[in-house]
Amino acid sequence: MFSKILIANRGEIACRIIRTVRRLGIASAAVYSDADRAAMHVALADEAFRIGPAPARASYLDGAKIIDAAQKSRAQAIHPGYGFLSESAEFAESCATAGVVFIGPPAAAIRAMGDKAQAKTLMEKAGVPLVPGYHGGDQDPALLSRKALALGYPVLIKPLAGGGGKGMKIVARAGDFADQLASAKREALSAFGDGRVLIEKYLSRTRHVEVQIFADSQQNCVHLFDRDCSIQRRHQKIIEEAPAPDISGELRLAMREAALSAARAIGYVGAGTMEFLLSPGAFFFLEMNTRLQVEHPVTEMITGIDLVEWQVHVATGGALPLRQEEIRSLGHAIEARLYAEDPPRDFLPQSGQIAHLDLPAQGAQLRIDAGVHAGDVIPDDYDPMIAKLVVWDKDRRGAIRCLRAALAETRVAGVATNLDFLRAIAAHQAFEAPPPDTGFIERHRDDLLVRRPPAGHDVLAVAVVGLLCERAAFGREKAQRSNDPWSPWNSQNGWRLNEHAQETLCLREILPGGCGDRHVEVNYLRDGWRIDLLGGTFFHASGTLAPDGTLAADLDDRRVNAVWVRSGEEILVFVGAEAAHRFLQAGPSAGAARRDEPAGRLTSPMPGRIAALLVAPGAKVEANQPVLVLEAMKMEHLLTAPRSGIVKEFKFQLGDHVAEGVELASFETRPPPDGAS
Ligand code: ADP
């Protein structure tokens with residue numbers, strides 16, 4: 001057994017691994033980049049080593065630095081988690097050379113499966129059905145285009161070294177192939193350092209079903225049932241469940257057999273996942289992941305097995321703790337991934353400080369794997385996951401109910417998240433039955449992207465009560481510090497010499513489509529305030545605001561329990577299970593000013609690099625026509641013309657790094673057509 005393990009990862013997965021390692025009585029060493037000095041995983045480990053600056057290439061992806069940290073810490077093994085170096089055969093080999101155990105499969109198995117083309121060839125030999133496609137070595141664009149045509153559109157272009165849905169492009173018609181190929185190659189090169197791609201027939205209405213397998217070094221190999229991960233955006237999972245619902249016994253068995261024989265064929269050791277696309281009555285091999293999956297907790301919930309414990313055990317040469325017939329599946333588990341991302345803006349990853357985070361209490365039916373606390377910053381260098389909520393119940397219906405409850409109790413503010421989106425999925429009837437396919441999000445996009453209406457009267461009144469409570473607390477603090485705490489000048493009830501105890505407040509609500517100003521008149525009373533929302537609605541109000549943001553607001557004879565937090569200039573208000581309402585306090589005259597973008601400006605939605613300019617200066621463009629590609633967080637984001645007109649100039653050149661909010665191009669309105677007045 002090891003006495004110390006180094007965890008070469010960050011965030012929730014590092015925290016999750018540290019917990020098991022600790023339970024096994026093994027010491028843990030973490031690593032961190034400069035962006036993670038204050039991160040949760042660093043605080044949780046017994047010790048932690050700085051491995052470099054924020055960019056992953058200079059820290060979490062730098063194998064030499066990680067091995068150096070393992071040697072300094074005298075750890076006998078390295079657990080890579082998922083992502084980063086978990087599927088790097090070179091890293092596994094470097095560990096062996098350095099005399100440190102890599103907790104994962106043999107380098108040869110990683111190599112065999114790391115390249116999608118090679119994996120497909122292997123699987124074909126093992127008799128596993130493949131998605132029709134081309135995965136040959138010849139990457140001539142003309143050849144790829146001919147192959148696509150022969151397969152029949154739509155086709156999918158996929159990076160050979162891919163992962164996380166990055167660089168994948170669905171191409172609907174032959175005319176789009178060349179552009180999409182170029183974009184896929186650029187993205188693949190930047191994300192994986194390898195621009196090669198494969199082409200597959202795009203199969204619609206399929207499900208993503210995967211089989212968890214586990215093998216030891218003594219030729220034992222078992223499966224731990226299946227998972228359905230069909231709820232995806234950008235080809236990346238956000239909700240996963242186990243077992244995969246509604247699959248015939250025969251098909252399930254065939255998939256498990258295929259997974260086991262594939263694992264045996266490559267001499268696999270450790271935890272691995274065979275991913276399949278499932279269409280009615282048939283399944284096709286997608287890829288094998290030679291590591292722990294993000295969604296492994298759903299398997300742990302239904303089997304009661306700690307997969308990290310098994311990984312550690314197998315890495316010491318131990319035999320699998322259970323035989324196939326001893327592994328049982330009980331009930332149903334669902335995982336929802338809470339991300340800092342903006343669903344209405346094509347799930348654009350977000351970075352920034354989490355001003356507020358309430359996660360529901362864990363119990364037998366709810367597990368939370370989080371990697372951040374309230375106040376932490378989501379850096380823009382890594383995957384922006386906040387937490388995973390994993391629920392369990394006797395059956396799928398019960399698990400969906402638990403998921404809805406868990407999401408309703410989750411509150412997060414400060415960065416845009418997919419929380420509302422997850423709630424909408426969990427609440428959607430189509431999610432309940434029949435089992436969803438990978439087109440679920442696209443098909444139900446309009447239902448899922450609910451546009452929150454402006455704050456109602458209660459929320460607005462609660463926002464004002466919180467503001468007045470905050471002000472009163474601030475005044476009390478100031479008075480305590482002053483020489484005369486009882487002076488009327490320190491009173492916070494609005495009293496002023498020769499003035500009415502009355503004022504008008506302006507709260508500017510920040511809504512997805514812009515801002516709306518709400519004027520409120522406050523009269524200071526002996527026992528609280530009279531809050532007049534104008535237009536005939538008023539409340540006799542009072543309240544208490546705790547330092548953690550808990551606000552008990554009394555509106556007439558009703559108590560509203562809410563959360564009120566300040567995040568810089570912003571005020572965030574949570575009432576019931578609603579998402580945070582966001583306000584800025586504006587002066588009474590600020591109504592005219594708007595935070596909206598002036599029409600016709602194209603600004604950078606996030607920090608990134610200009611990856612392609614799609615039109616030349618002087619080009620005529622239509623509104624919403626793609627004009628440039630911004631690469632951020634390893635993904636390409638197509639930026640479109642804000643209106644029709646002429647591109648006057650680009651403010652940056654290809655390859656330039658740009659900050660968030662900067663103007664990228666200027667436009668001129670197109671002159672009216674001849675004869676038009
Ligand atoms: P990555 O390695 O980037 O995650 P995968 O090959 O695992 O890429 O595919 C990710 C997702 O994309 C799948 O779960 C599936 O939803 C979708 N997908 C992949 N290949 C196809 C295909 N040929 N037809 C339809 N959907 C596909």
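How many bridges join strand β32 to strand β39, and do these strands run parallel or antiparallel? The first legend takes this up; keep in mind throughout that the model is predicted.

**View 1. An open sheet of four strands, ordered β32-β39-β37-β34.** Strand β32 (residues 602-603) is joined to strand β39 (residues 663-668) by two bridges, and the strands run antiparallel. If you want a residue pair to look for, try L602, whose bridge partner in β39 is A665. Strand β37 (residues 645-650) also pairs with β39, here through four bridges and again antiparallel. Two positions help you find your way along this pairing: E649 has S666 of β39 as its bridge partner, and V647 stands opposite F667, also in β39. The pairing in this sheet is antiparallel. At its edges stand β32 and β34 (620-621); each has a single partner strand, so one side of each is left without a neighbour in the sheet.

**View 2. An open sheet of five strands, with parallel pairing.** Reading across, the order is β3-β2-β1-β4-β5. The edge places go to β3 (47-52) and β5 (101-102); each of these has just a single partner strand, so one side of each has no neighbour in the sheet. Zoom in on β2 (residues 27-33) and you'll find five bridges joining this strand to β3, the two running parallel. One pair to pick out is V31 with its bridge partner F49 in β3. As for what holds such neighbours together, strands of a sheet pair through backbone hydrogen bonds, either parallel or antiparallel.

**View 3. The ligand and the residues around it.** The ligand is surrounded by 21 residues, and the closest are K116, G165, E200, H208 and Q232. Sorted by type, the shell has seven nonpolar, eight polar and six charged residues. Strands β7 (155-159), β9 (197-201), β13 (270-279) and β14 (282-289) each supply at least two residues of this shell. In terms of domains, at least three shell residues come from each of domain 2 (132-201) and domain 3 (228-448).

**View 4. Three contacts to ligand oxygen atoms, from K158, G163 and E275.** K158 places a polar side-chain atom 2.8 Å from an oxygen atom of the ligand. E275 also uses its side chain, with a polar atom 3.1 Å from a ligand oxygen. G163 works through its backbone instead: an N or O atom there lies 3.4 Å from an oxygen atom of the ligand. And how much of the ligand does the protein bury? Taken alone, the ligand exposes 550 Å², and the protein buries 96% of that.

**View 5. Helix α11 (residues 307-315) and its two ends.** At the start of α11, look for D306: one of its side-chain oxygens reaches to within 2.9 Å of the backbone nitrogen of V308. V308 is itself buried, and so are L307, W310, Q311, V312 and V314 of the same helix. Just after α11 comes G317, with a positive phi of about 95°.

**View 6. E570 and its contact with R582.** E570 sits in strand β30 (residues 570-575). Is this glutamate buried or exposed? E570 counts as buried because its relative accessibility is 19%, and the cut-off for buried is under 20%. The side chain of E570 makes a polar contact with the side chain of R582, at 2.8 Å.

Terms used
Residues numbered from 1 in each chain as written. Predicted model: local features only at pLDDT ≥ 70, side-chain atom pairs only at ≥ 80, totals over all residues. Heavy atoms only, no water. Near = heavy atom within 4 Å. Polar contact = N/O pair within 3.5 Å; in protein donor to acceptor, adjacent residues only side chain to side chain. Areas by Shrake-Rupley, 256 points an atom, 1.4 Å probe, with all protein chains shown as cover. Nonpolar A, V, L, I, M, F, W, Y, C, P; charged D, E, K, R; others polar. Domains from an automatic or database assignment. Pairing = 2+ DSSP bridges. Buried < 20%, exposed > 50% of the residue type's maximum accessible area, 1.4 Å probe, protein only.
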